[in-house]
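Subject: Handing over the structure

Hello,

Here is the structure I promised to pass on to you. My notes on what I found in it follow just below.

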Amino acid sequence: MVKSKQPRRKWLWMILTILIIGSSVVVIAASNESRTCFIYPPFKHTWGVVRGTPAKLFMLVGKRATFAEPLGLCCVRLDCWDDPKIAGDDDEVTVYGVNSNQNMVIYNKSMFELGIYGDRETGSAKLNKPWGVAANNKGDVFVTDLGNNRVVKLFNPKSELKYVSAFGSLGSNNGQFNSPRGIALDNRGMIYVADYLNNRVQIFNSSGVHQRTIFGVLGPIAVAVIDAEDRWSYSYGPRREEFLIVVDSLDARISKYSLEGDLLERVTSGDWGAGTCQLQFCTIDYFSQVLLTDRKNNCIWKLDRDLKMICRFGRKGTSDYEFDDPRGITMYRRFGQTFVAEREGAQYLWVAVDLLHPQAKWDEKTRILTITGIYSEPALVDMDLLDASDKIVTRVAMIRSTAGPFQHEWDGNIKTFPKSGLTDAEQSQAARFQDGKPVPPGSYKLRIASKATYSSIKDFVQVLTIPVTL
């Protein structure tokens, strides 16, 4: 389970300054469009600064930058920022964002100041239509410089991006590019580049030396990677997950590859009934789930690790939980901090949880209440049966659910559980409840309280109430 903590400081991000809510939400979800898959951080974390806007950017950098085709995003916790004696600063990350039409990378130099790379650089250090950006905790930053058909390496020693080197040129040989787009880094120092017009993904070592190429893609535009050495990823077996995600084929096909280049899974947006999409950027979360921005439908799609669709989040607009042409997306996997670039701004979100299509059906013959739904995220779940005056008759379940289809059966008897708030180690203990007498026939309400396992665990619980007749 991801450790949760109470973030303590105000954040000022590159293009970002964001939002708020928190507290309990009561809602019955009615479709695969999730309402609480993500939430805004609470006021105490953002100080009520809600969304990155042109006005806020002007307040921070003046006339040096305006939003001009924001594209790639990445975030990282820099080692040079870390004080091992202080736990309260562990959530303070650096966010880098490409501002393509101004040939810039905008980033937060501290929690209170933005930096700009690109408006004053000259010669080989100057960018030309940058697209994607990727970074590591050591301070290395790589940018796909589309207009120059190269990858630029920058370095952030603590608060100032500096030019280091570049590799690549126009062409189709190994190490050459034709309109490079998405870029990703793994924890071994390997660099993955979507070589768009050459219909391939090229893989380089940290020095920019070509290692191998993945063919069989058509116009790859976005890449994301997770590997076994990533500290902040869930272990589904003896070792952590590792794979590469590639978005290609008119921005509507998603492929999953091994890091050696073997195709593992492949789906299109039509496979989950999404119709026409413009999938542009992607990232992978702590549980190896895939998040994709869709510029046409103004939303985020969430797929499980097998590329099965879980839910859609957001719609077109500029109000809360709406997006205006979303582009880059990135997540700090440790705490579920998520950043999304838009046409003229950005949003900062936390991973929360949603139970979609919740149902509870009582079978009188078997005396079984079957509870079903679809979870947008692995969740800690408490279920209670309430009487007409909303008093608890019995706890029905206390479980940890995986993401995706959910089902739980209750036999109608009063149960006694050890305690609330399960951890992984306590999961097995929950099964050791004691059977009590049957609950009398009548009309009740089933209350389902769900929490995600990220930072939002202390600030958000989704509470659904379903009528039940026994």
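First, a word on usage: by contact I mean heavy atoms within 4.5 Å. Please also keep in mind that this is a predicted model.

With that cut-off in hand, Asp-79 is a good place to begin. Asp-79 sits in the loop between S4 and S5. Setting aside its neighbours within four places in sequence, Asp-79 is in contact with Asn-137 and Lys-138. Asp-79 and Asn-137 are 58 residues apart in sequence, yet their C-alpha atoms are 5.6 Å apart in space. Is Asp-79 buried, exposed or partly exposed? Its relative accessibility is 47%, so Asp-79 counts as partly exposed.

The two strands on either side of that loop belong to a sheet. This is an open sheet of four strands in the order S4-S5-S6-S7, and the pairing is antiparallel. S4 and strand S7 (114–117) are the edge strands, each pairing on one side only. From one strand to the next, the twist averages 20 degrees. Between S4 and strand S5 (residues 94–99), which run antiparallel, there are five bridges. If you want a spot to look at in that pairing, Cys-75 stands opposite Val-95 in S5.

Cys-75 also brings us to the pockets. Which residues lie nearest the centre of the largest pocket? They are Cys-75, Val-76, Ala-135, Asn-136 and Asn-187, out of 50 residues that line this pocket. The volume of the largest pocket is about 1,200 Å³. Several strands each supply at least two residues of its lining: strand S4 (70–76), strand S8 (130–135), strand S9 (140–145), strand S12 (180–185), strand S16 (222–226), strand S20 (279–284) and strand S24 (329–332). By class, the lining of the largest pocket has 25 nonpolar, 10 polar and 15 charged residues.

The second largest pocket has a volume of about 210 Å³. Its lining includes Tyr-234, Tyr-236, Phe-287 and Gln-289, and also Asp-304, Arg-305 and Asp-306. Pro-378, Arg-400, Ser-401, Thr-402 and Ala-403 line the second largest pocket as well. Here the residues divide into five nonpolar, three polar and four charged.

Strand S20, already mentioned for the largest pocket, takes part in another sheet. Five strands form this open sheet in the order S2-S23-S22-S21-S20, with mixed pairing. Its edge strands are strand S2 (33–34) and S20, each of which pairs on one side only. Within the sheet, strand S22 (residues 299–303) and strand S23 (residues 309–313) run antiparallel and are joined by four bridges. Lys-302 stands opposite Cys-311 in S23.

Next, have a look at strand S26 (residues 345–351). How many of its seven residues are buried? The strand is mostly covered, with seven of its seven residues buried. In a regular strand the side chains alternate between the two faces of the sheet. In S26, Gly-345, Gln-347, Leu-349 and Val-351 point one way, while Ala-346, Tyr-348 and Trp-350 point the other way, and all are buried.

S26 has pairing partners too. Strand S25 (residues 337–342) pairs with S26 in the antiparallel sense over six bridges, and the two strands form a hairpin with two residues between them. Phe-339 has Tyr-348 in S26 as its bridge partner. Strand S3 (residues 38–39) also pairs with S26 in the antiparallel sense, over two bridges. In this pairing Ile-39 stands opposite Trp-350 in S26.

Last, two backbone details in loops. Leu-250 has a positive phi of about 55 degrees although it is not a glycine, and its place is in the loop between strand S17 (243–248) and strand S18 (253–257). Ser-288 is not a glycine either, and has a positive phi of about 65 degrees. Ser-288 lies in the loop between S20 and strand S21 (290–294). Which way does each residue fall, buried or exposed? Leu-250 has a relative accessible area of 76%, so this residue is exposed. For Ser-288 the relative accessible area is 0%, so this residue is buried.

Do write back if you would like to go through any of this together.

Best wishes

Conventions: Residues are numbered from 1 along each chain as its sequence is written. This is a predicted model: local features need pLDDT of at least 70, side-chain atom pairs count only at pLDDT 80 or more; totals for chains, interfaces and linings use all residues. Side-chain values use heavy atoms; hydrogens and water are left out. On a 1 Å grid over the protein atoms alone, a cavity is a set of points where a 1.4 Å probe fits but cannot get out, and a pocket is an open set with protein on both sides within 12 Å along at least five of seven lines; lining residues have an atom within 4 Å of a point. Grid points are joined across faces, edges and corners, and a volume is the space filled by probe spheres set on the points. Ala, Val, Leu, Ile, Met, Phe, Trp, Tyr, Cys and Pro count as nonpolar, Asp, Glu, Lys and Arg as charged, and the others, Gly among them, as polar. Two strands pair if DSSP finds at least two bridges between them. Axes are lines fitted to C-alpha atoms, for helices over the stretch in contact, and angles run from 0 to 180 degrees between N-to-C directions. Buried means under 20% relative accessible area, exposed over 50%, partly exposed in between (1.4 Å probe, protein chains only).
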